[in-house]
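Here is a short report for a first look at this protein. Please keep the sequence and the 3D view open while reading.

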Amino acid sequence: MSTETPRNPPAGFQQRLGLFDATMLVAGSMIGSGIFIVSADIARDVGSSGWLLLVWILTGVMTIIGGLSYAELAAMMPRAGGQYVYLREAYSPLWGFLYGWTSFLVIQTGTIAAVGVAFGKFLGVLMPQLGTDAILFRLDNLNINVAVPVPWMEEPLTFFKRESFTISAGQIVAVNLVLLLTIWNCRGIREGKWVQNIFTVAKTCALIALIVLGLTVAANSEAIEKNFSQPWDGITETVRFQEVSKLMPWAPLAVVMVLCGAMVGSLFSADAWHNVTFTAGEVREPRRNLPRSLVLGTGLVIVLYLLANGAYLVALPLRGHTPVVTAIDQRGVKDKLQPVNTVDELLLELEREISRHPGDKKLDVMRERLATAHSMNAFERGIDHAKDDRVGTAVIERVSPQFGVPIMAIAIMISTFGCLNGLILMGPRLYYAMARDGLFFRPVGQLSPRNVPAIGLLLQGFWSILLIFSGSYSELLDYVIFAALFFYMLTVAGLFVLRRKMPDAERPYRAFGYPLVPAVYVCMCAVIMLALLFVKPVYSWPSFLIVLSGFPAYYFWRGTRRRDSE
């Protein structure tokens, strides 16, 4: 098929996005709250500064290679729908649909839900009555537990667990924010891009300020000595390594598997860069500006992410003075509790256990030890046990103990607001392309008088709000990392397919280092996916079910399209 005769031409779209606007969409969708938080979880998994930086470097390499590879596809097929179109043309409409279906069901809408709740969570730092800890409604004793035995695991794999259903003020804030930005983006692409540009510039400046303060004012010689005197020691002492080594006794391979598992958080923090391809129909000179925006946006964010982690390591020790494990009574108390990672999570779980077993002296002793650990300052807690995993906040607390927490709360609210706007703006362009092919609700493939897919915006908002109230958006996001990597791998592999399938197609930009560099990306995705099957199976196996649910949906819409054409 010629790339000059698209099936879903962007009739009615207004080309109002320039290179700067498209770059802001890339960067703004990548920078959310993750960069300020996930390094704590990664630090607990890898145990030392060298491995922490390596995780982020590998994430950066993958993201930039992905951007360079997608740039060829974006320049070759500058159509609304982006990745959906690439998969459709490289393989078949089925593969494009499976990606679009998974995106609507979880990837795009689940991310919108999670980012919206993150905004509410950090608003709660400034106004507790509006945060996620302010419970408005609670239903207990649900006792829902969906678990499946896995041959190489001692305990059944829990896919979904819910003991109670709650609605918090933070969720209500998230709902109103999604509604506000959905309605705002229904007004037109120009209105949406201005919000995106302003907030992306603001949060980029905030991240740069954090980096500068961390590398200068908050810098601490003791932290530097601890983190960089032996940067590659510690990974074999982590809980994650001990778990993995039971499956893989050979230490070097176990280390690789731990690193792959640790990359889940960093990859999600650097995700959504490809969403700009959904808006190809609204980008001026898309064959030139889309590839450039992908390269500029991903490059900018990855450089900032690496510098931010450098600032964390200069300002705080990676491992706190009193790790959680020393606060746990080893004489059977740990076995009574649900598996958790941080002091804060353990305290919450411990309070629940004490309410079930009042008078248990072991639990009381453990609570005293944890209370001591909880009261430590930011430096004493370190990166791995930063309060609520808020590493960025811990760095600013070193600069200003009094104002550090509210300053970072405001910065993260700005960051999540801009991220949310970009996600809401771009997603419906994907559903629009699917609907134009007869593979989604027909009204979603129509544009409003303001030349935007308003029905798609409203449908996306409705489903995102349901996920917010379900309380399961975080689990859903965990589940789709495997599927997201699969579709990234499939799309970049599509470069090789299209080079053979459409050798004469116009390619204004050709992927850097082809075929070696894209092949490296495909191999890295495959290795991480394989490792996740064993290291974090809860992140991988449910992904199959989510993707498989798209098969009956595809054949339903294809059958509907055939009946309509008869």
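## Cavities

There are 3 cavities of 30 Å³ or more in the structure, which is a predicted model. The largest cavity holds about 120 Å³ of space. Rolling a probe the size of a water molecule over the atoms reveals where empty space is left.

Which residues line the largest cavity? Its lining includes the aromatic names Phe-268, Trp-273, Tyr-488 and Tyr-521. Met-62, Thr-63, Leu-267, Ala-270 and Asp-271 also line the cavity. Ile-481, Ala-484 and Leu-485 complete the list. Three elements give two or more residues each to this lining: helix 3 (49-76), helix 10 (251-269) and helix 18 (473-501). Helix 18 provides the largest share, with 4 residues.

## The second largest pocket

The second largest pocket has a volume of about 260 Å³. Its lining is made of 16 residues. Nearest the centre of the pocket lie Met-376, Asn-377, Ala-378, Ala-394 and Glu-397.

Which helix gives the most to this lining? Helix 14 (378-381) and helix 15 (391-399) each supply at least two residues. Helix 15 gives the most, with 4 residues.

## A nonpolar patch on the surface

Leu-136, Phe-137, Leu-139 and Ile-172 make a nonpolar surface patch. The patch covers about 360 Å². Strand 1 (residues 135-139) gives the most to the patch, with 3 residues.

Look at Leu-139, which lies in strand 1. Is Leu-139 buried, partly exposed or exposed? Leu-139 has a relative accessible area of 42%, so this residue counts as partly exposed. The cut-offs behind that label are under 20% for buried and over 50% for exposed.

## The whole protein

Now step back to the whole protein. Its secondary structure consists of 21 helices and 4 strands. The protein has 566 residues, and 57% of them count as buried.

How much of its area does the protein expose? The figure is about 22,900 Å². Carbon and sulfur atoms supply 64% of that exposed area.

Contacts reach across the sequence as well. Take the contacts in the protein with a separation of 6 or more: 81% of them are between residues 24 or more positions apart.

Definitions and conventions. Residues are numbered from 1 along each chain as its sequence is written. This is a predicted model: local features need pLDDT of at least 70, side-chain atom pairs count only at pLDDT 80 or more; totals for chains, interfaces and linings use all residues. Side-chain values use heavy atoms; hydrogens and water are left out. Buried means under 20% relative accessible area, exposed over 50%, partly exposed in between (1.4 Å probe, protein chains only). Contact means heavy atoms within 4.5 Å. Accessible areas come from the Shrake-Rupley method with a 1.4 Å probe; for residues, only the protein chains shown count as cover. Patches are made of residues with over 30% relative accessible area and no salt bridge: like charges are joined within 9 Å, nonpolar side chains (Val, Leu, Ile, Met, Phe, Trp, Tyr) within 5 Å. A salt bridge is a side-chain nitrogen of Lys or Arg within 4 Å of a carboxyl oxygen of Asp or Glu. On a 1 Å grid over the protein atoms alone, a cavity is a set of points where a 1.4 Å probe fits but cannot get out, and a pocket is an open set with protein on both sides within 12 Å along at least five of seven lines; lining residues have an atom within 4 Å of a point. Grid points are joined across faces, edges and corners, and a volume is the space filled by probe spheres set on the points.
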